Amino acid sequence: MTYRFTVYGKPQPKQRPRFNKYTGATYTPKETRLYETEVKYYFLKEYRRPIKLDGALTVKIDAYFEPPKSTAKAVRERMFSGHIRPAKKPDADNIIKSICDALNGLAYVDDGQIVSVCCRKLYSDVARCEVIITDERG
């Protein structure tokens with residue numbers, strides 16, 4: 001079984017936990033919490049309820065970034081056709097982490113079930129992440 005959904009907006013990386021030196025507590029940065037909430041929102045908008053798959057899973061993520069406004073038209077066309085790719089921050093592994101962590105307990109029981117991951121960074125005029133989750137059992 002395959003599940004697909006799109007998270008609109010600029011792809012956000014999973015940030016490192018922060019440490020409060022006064023209280024000694026660790027916490028997740030606000031930007032990460034907000035993005036993980038958005039991922040959950042778009043998943044539930046598509047599927048209406050948690051699915052909680054329990055087998056081996058494959059996850060594919062296409063992260064689309066908007067090119068800089070000052071980019072020449074000819075260069076933009078090469079970006080949109082895939083000849084020029086966004087080899088810049090955020091790192092693909094941190095994009096994967098933010099999306100997979102957000103889906104814990106919602107799309108699957110635990111992200112430890114993911115046995116294969118593919119993430120591509122591409123350019124588009126609409127920033128978004130397209131996520132495909134495939135149950136390995138078919």
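Q: What is Tyr64 in contact with, once its neighbours within four places in sequence are left aside?
A: In this predicted model, Tyr64 is in contact with Pro11, Leu122, Tyr123, Ser124, Val126, Ala127, Arg128 and Glu130. Tyr64 itself is found in strand 4, and Arg128 stands opposite Tyr64 in strand 6.

Q: Why does Tyr64 count as buried?
A: Look at the relative accessibility, which is 12% for Tyr64. Buried means under 20%, so Tyr64 counts as buried.

Q: How far apart are Tyr64 and Ile114, in sequence and in space?
A: They are 50 residues apart in sequence, and C-alpha to C-alpha they are 22 Å apart in space.

Q: What makes strand 4 "mostly covered"?
A: Strand 4 spans residues 57–65, and eight of its nine residues are buried.

Q: How do you know which strands pair with strand 4, and in what sense?
A: Count the bridges: at least two are needed for a pair. Nine bridges join strand 4 to strand 5 (residues 114–123), and these two run parallel. Thr58, for instance, has Ser116 in strand 5 as its bridge partner. With strand 6 (residues 128–135), strand 4 pairs over eight bridges, this time in the antiparallel sense.

Q: What makes the pairing of the four-strand sheet mixed?
A: The open sheet has the order 1-6-4-5, with mixed pairing. Strands 4 and 5 run parallel, while strands 4 and 6 pair in the antiparallel sense. Strand 1 and strand 6 are antiparallel too, with seven bridges between them. There, Tyr3 stands opposite Ile133 in strand 6.

Q: Why are strand 1 and strand 5 at the edges of this sheet?
A: Each has a single partner strand, so one side of each is left without a neighbour in the sheet. As for the turn from strand to strand, neighbours in this sheet are at 15 degrees to each other on average, direction ignored.

Q: What does the largest nonpolar core consist of, and which residues have the most contacts inside it?
A: That core has 29 residues, and those with the most contacts inside it are Phe5, Ile61, Ile99, Leu103, Tyr108 and Ile133. Two or more residues each come from strand 1 (2–8), helix 1 (30–47), strand 4, helix 3 (92–102), strand 5 and strand 6. In soluble globular proteins, nonpolar side chains tend to be buried together. To take one of those residues, Tyr108 touches Lys52, Leu53, Leu57, Ile99, Cys100, Leu103, Gln113, Ile114 and Ile133, with residues up to four places away in sequence not counted.

Q: Why are helix 1 and helix 3 called oblique to each other?
A: Their axes cross at roughly 60 degrees and come within 8 Å. An angle under 35 degrees would count as roughly parallel, and roughly perpendicular starts at 65, so the pair is oblique. The crossing is right-handed. On the helix 1 side, the contact is made by Tyr35, Glu36, Val39 and Lys40; on the helix 3 side, by Ser98, Ile99, Asp101 and Ala102.

Q: Where does helix 1 lie relative to the sheet strands 1 and 6?
A: Helix 1 lies across both of them, running at about 130 degrees to strand 1.

Q: Why does Ser98 count as buried, and what is it in contact with?
A: Ser98 lies in helix 3. Its relative accessibility is 2%, so against the cut-off of under 20% Ser98 counts as buried. Beyond its sequence neighbours within four places, Ser98 is in contact with Gln12, Pro13, Lys14, Tyr35 and Glu36. Other buried residues of helix 3 include Ile95, Ile96 and Cys100, and what covers the buried residues of this helix includes helix 1, strand 4, strand 5 and strand 6.

Q: Why is Arg48 exposed while Lys52 counts as partly exposed?
A: Both sit in the loop between helix 1 and strand 4. Exposed means over 50%; Arg48 is at 69%, so Arg48 counts as exposed. Lys52 is at 47%, between the two cut-offs of 20% and 50%, so Lys52 counts as partly exposed.

Q: What is phi in Arg48 and in Lys52?
A: Phi of Arg48 is near 70 degrees, positive in a residue other than glycine. Lys52, also not a glycine, has a positive phi of about 50 degrees.

How values were computed: Residues are numbered from 1 along each chain as its sequence is written. This is a predicted model: local features need pLDDT of at least 70, side-chain atom pairs count only at pLDDT 80 or more; totals for chains, interfaces and linings use all residues. Side-chain values use heavy atoms; hydrogens and water are left out. Buried means under 20% relative accessible area, exposed over 50%, partly exposed in between (1.4 Å probe, protein chains only). Contact means heavy atoms within 4.5 Å. A nonpolar core is a set of buried Ala, Val, Leu, Ile, Met, Phe, Trp, Tyr and Cys residues joined through side-chain atoms within 4.5 Å. Axes are lines fitted to C-alpha atoms, for helices over the stretch in contact, and angles run from 0 to 180 degrees between N-to-C directions. Angles under 35 degrees count as roughly parallel, over 145 as roughly antiparallel, 65 to 115 as roughly perpendicular and the rest as oblique. A crossing is left-handed if the near helix is turned anticlockwise from the far one by less than a right angle, and right-handed if clockwise.
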